[in-house]
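This report walks through a protein model, moving from its overall division to its interior and then to its charged pairs and cysteines.

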Amino acid sequence: MLASARRVLAKSQALVTTTTTTRFRSTPTAWTRAAAQYTTTTTTTTTTSHRASVTGNKSIPFSEHIRQLDHSTPSREQVLKLLSQARTAPERDINNVITLTKWFYQPHKGNLSNDILNDINMWKEAIKIGYGLTSKGHPNVLSMLVSAFNKRFPTDQIKDSQALEVLIRAYGILERPKAVRALLAKHPRQEELHVAALVAYADSGAYSLFDALLKDTVHELSPGDYKKLAWQFAHRGQVERTSAMLEKSSLSAEDQDLILLSAHRSAAHSIVQYRISSHGVSGQPLNQVGTSKLGVASWEKLAHEEENTTTPMDVEKSCLILDYLCTANLIDSTQFPMQRAEDFLKRQINSRSPKEMARMYGILLNGYSRTQEYGDQRNSNTRLDKALALFEDMKGIKLEYRRTFHALLRACIPHQDEKYPFDYIRLTSAMENTPPAMRLDPRFFKIERIMLDSQVRYDKRSILTAMTCLGAARHYPAMWRRFHMLKLSGVRRSQSAFRVAFAMASMDRDASQYALSVIKEELVREMPDKVLNLDLYQAMLDCCVTAKDARAAKQIVGTMAQQYPKKDNHEHSIVSYAQSVLRAATLLDGLETEAGQALELLANTPPAHNNRAWFWALAFKATHGGQDAASRIQEMQHTFTQYTMQRFESIGKIPIPVRESSPVVPFPSGPYSYLDIRMINMYVHSLVDSQDASLLVDVLNTFKSQKNDRQHLHTRAQHAVRDLLEQEQNDNIDAILKDL
């Protein structure tokens, strides 16, 4: 399958060389033909495979087995066999595995007998399956299994220690350390549970509880227990704690190095995930100067010799080093360029089995597909060039074709210069400015055509990537065509797919109007009773803002109000709901009532100091607050003071009084975050509107004394300040504005 794709690639020299600037058609007919051909082929293949004979001694595939039993009452032996098959089921059968677990936590959807449902041993196996589903992106399954288990088997009455250990392990995976502590309190004499509890605390990051339990445990831990704990801390990226556990594990130096390499790799992954949530989703590059936080010295001491040797080493160790180098490139591309990872692969790839080569090449290909190292001009895409060149080097290697195309499509995400605003985009409203349209490399369409011709259908990840590529280039007809073709490919359009559709459309007025009039109605038909997530609602509101459609915005906010601002909702959901409403109300007229209700929610549940809800609360006061200019400025001052005091309570940054005389105005002290700068900019605008030049000068002097050299007021704010000071005939304008 992948070999045929490679042959097509080999015939097209344009895929591995820089293309011309000719605009590629956004809706190529070749794509439609390939998709139609693929749909027909896969339908025939699937239908044929479902008619497979199950006679004689031939084993029944898991998917076929579960379909047969979904409409009958399975025996105990059949259920045990299904549970055993589910543990090793391929990724394509994940929906069938979820169906099997639903038989337990939603008995009305299955035909399990009461004897099976009341058998605690069956539940232990089902919960273990939930462990694996959590790592594959389905944590709700394990949560539902645990909830149903607790209803059927009260934890204080369980005598089976293995069942309690399975439950404790589940609590650790779900990051519920309080539940672990409560369960231990119900079984104080069962010290054999302490090892499982320690593993759960390590897994959930509850380090204070871990330290306390380890200190109080009378039961002496074995070297194997310390090894298990070391692996848990390694998975969390806790290098120091991993080392402490390894000192008591009696492992060989080689095994200890392997676990420490894993800890470093996980630490790098954790930093990247944090950077994605704090920078990537707002369109900023992950590689922030001077903020690496990588334990480079510790890593170099551990892996320097292995990284530069030409002697083949253990494949696990090689993959850990290669993965670390690719991940570290996202954090610090100067110290960890992708060429360093490629050089390591070339030194280690010889004398490898085909399976090991495929694994190592796959890691490097994924690294090239997401690197932000290259400052490309408009007509170039270096990371795609590198990815395709590496793909060409993989001749004769049996790769995991779906992941290979995931990587190639991801490398096509448009970018320009050193800006990569679409790599991790969730919502355009999360960005300070809407990114401009960027050129999409025409090779995207050829890669997509080859993928479909190779009978690799679109899945959730690839369709989201393709829609991001097309939306970033404003190729909306092509994006809508692929979105509508999902049904023909047998892929359920998830909330994530709808979110990406609305998010991409919100950058263009015509596309926003189409999304609100067509895509929103399709969403209502496909998910009539489903509670939609807040990001999807926010993406729809972003389209309303772009399309200037206050009527649709009011309808969407009304639907949101029925689901989220409730006492039983998580605190974060209430704040996120309020932020979404305030942003829409700030940029659109007609939502003043809804915004007032959102402000009341924030008064009862103050957001964290670093939450963007503060910015939109202040922005709404600036545009719609008060009956007149004086009351509006007073409300803005009150909100800014609330923000300053919340910041003090959260991180201990003592406010600075900008003047000793009345009125005493508290001002945030440095260092400042990105949100702090935005709040200060808006506060400065409010002072300009109030024409209070004296207080404005005091605020600016305080700001200059606290900020660093890279932080400045926005240009618009500086112009507004200059205009007011000129109006007041101030003689020190240049001195006041210097270094702002």
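Into which domains is the protein chain divided? In this predicted model, the assignment gives domain 1 (62–257), domain 2 (294–374 + 383–399), domain 3 (402–547) and domain 4 (606–739). Between domain 1 and domain 3, the C-alpha centres are separated by 36 Å.

**The nonpolar interior**

The largest nonpolar core contains 240 residues, and the residues with the most contacts inside it are Phe104 and Phe502. Helix 17 (residues 315–331) supplies the largest share of this core, namely eleven residues. As a background to such a core, nonpolar side chains in soluble globular proteins tend to be buried together. For Phe104, once residues up to four places away in sequence are left out of the count, the residues touched are Val79, Leu83, Leu112, Leu117, Met122, Trp123, Ala126 and Leu145.

Helix 22 (residues 443–453) is largely enclosed by the rest of the structure, because eight of its eleven residues are buried. The buried residues of helix 22 include the nonpolar side chains of Phe444, Phe445, Ile447, Ile450, Met451 and Leu452, and Arg443 and Glu448 are buried as well. Just after helix 22, glutamine 455 adopts a positive phi of about 65°.

**Salt bridges**

How many salt bridges does the structure hold? The count is 27, and three of these pairs are set out below with the N to O distance and the relative accessible area of each partner.

| Pair | N to O distance | Relative accessibility, first residue | Relative accessibility, second residue |
|---|---|---|---|
| Arginine 359 – glutamate 316 | 2.9 Å | Arginine 359: 38% | Glutamate 316: 34% |
| Glutamate 392 – lysine 395 | 3.1 Å | Glutamate 392: 24% | Lysine 395: 53% |
| Arginine 659 – aspartate 698 | 3.2 Å | Arginine 659: 15% | Aspartate 698: 23% |

In the salt bridge between arginine 359 and glutamate 316, distant parts of the chain are linked, since arginine 359 lies in helix 19 (residues 354–370) and glutamate 316 in helix 17, 43 residues apart. Arginine 359 is partly exposed, and glutamate 316 likewise counts as partly exposed. Helix 17 therefore appears twice in this account, as the source of the largest share of the nonpolar core and as the helix that holds glutamate 316.

For the pair formed by glutamate 392 and lysine 395, glutamate 392 is partly exposed, whereas lysine 395 counts as exposed.

The salt bridge of arginine 659 with aspartate 698 ties together parts that are 39 residues apart in sequence, because arginine 659 lies in the loop between strand 1 (656–657) and strand 2 (666–667) and aspartate 698 in helix 34 (residues 693–706). Here arginine 659 counts as buried, while aspartate 698 is partly exposed. Beyond these pairs, Arg87, Glu125 and Lys128 are joined in a network of salt bridges.

**Cysteines**

How many disulfides does the structure hold? The number is zero. Cysteine 469 is accordingly in no disulfide, and its nearest cysteine sulfur, belonging to cysteine 412, lies 5.6 Å away; with 0% relative accessibility, cysteine 469 counts as buried. Cysteine 543 is also in no disulfide, the nearest cysteine sulfur being that of cysteine 544 at 7.1 Å, and cysteine 543 is buried with a relative accessible area of 0%.

Conventions. Residues are numbered from 1 along each chain as its sequence is written. This is a predicted model: local features need pLDDT of at least 70, side-chain atom pairs count only at pLDDT 80 or more; totals for chains, interfaces and linings use all residues. Side-chain values use heavy atoms; hydrogens and water are left out. A nonpolar core is a set of buried Ala, Val, Leu, Ile, Met, Phe, Trp, Tyr and Cys residues joined through side-chain atoms within 4.5 Å. Buried means under 20% relative accessible area, exposed over 50%, partly exposed in between (1.4 Å probe, protein chains only). Helices (H or I, at least four residues) and strands (E, at least two) are DSSP runs, numbered from the N terminus. Contact means heavy atoms within 4.5 Å. Domain bounds come from an automatic or database domain assignment. A salt bridge is a side-chain nitrogen of Lys or Arg within 4 Å of a carboxyl oxygen of Asp or Glu. A disulfide is a pair of cysteine sulfur atoms within 2.5 Å.
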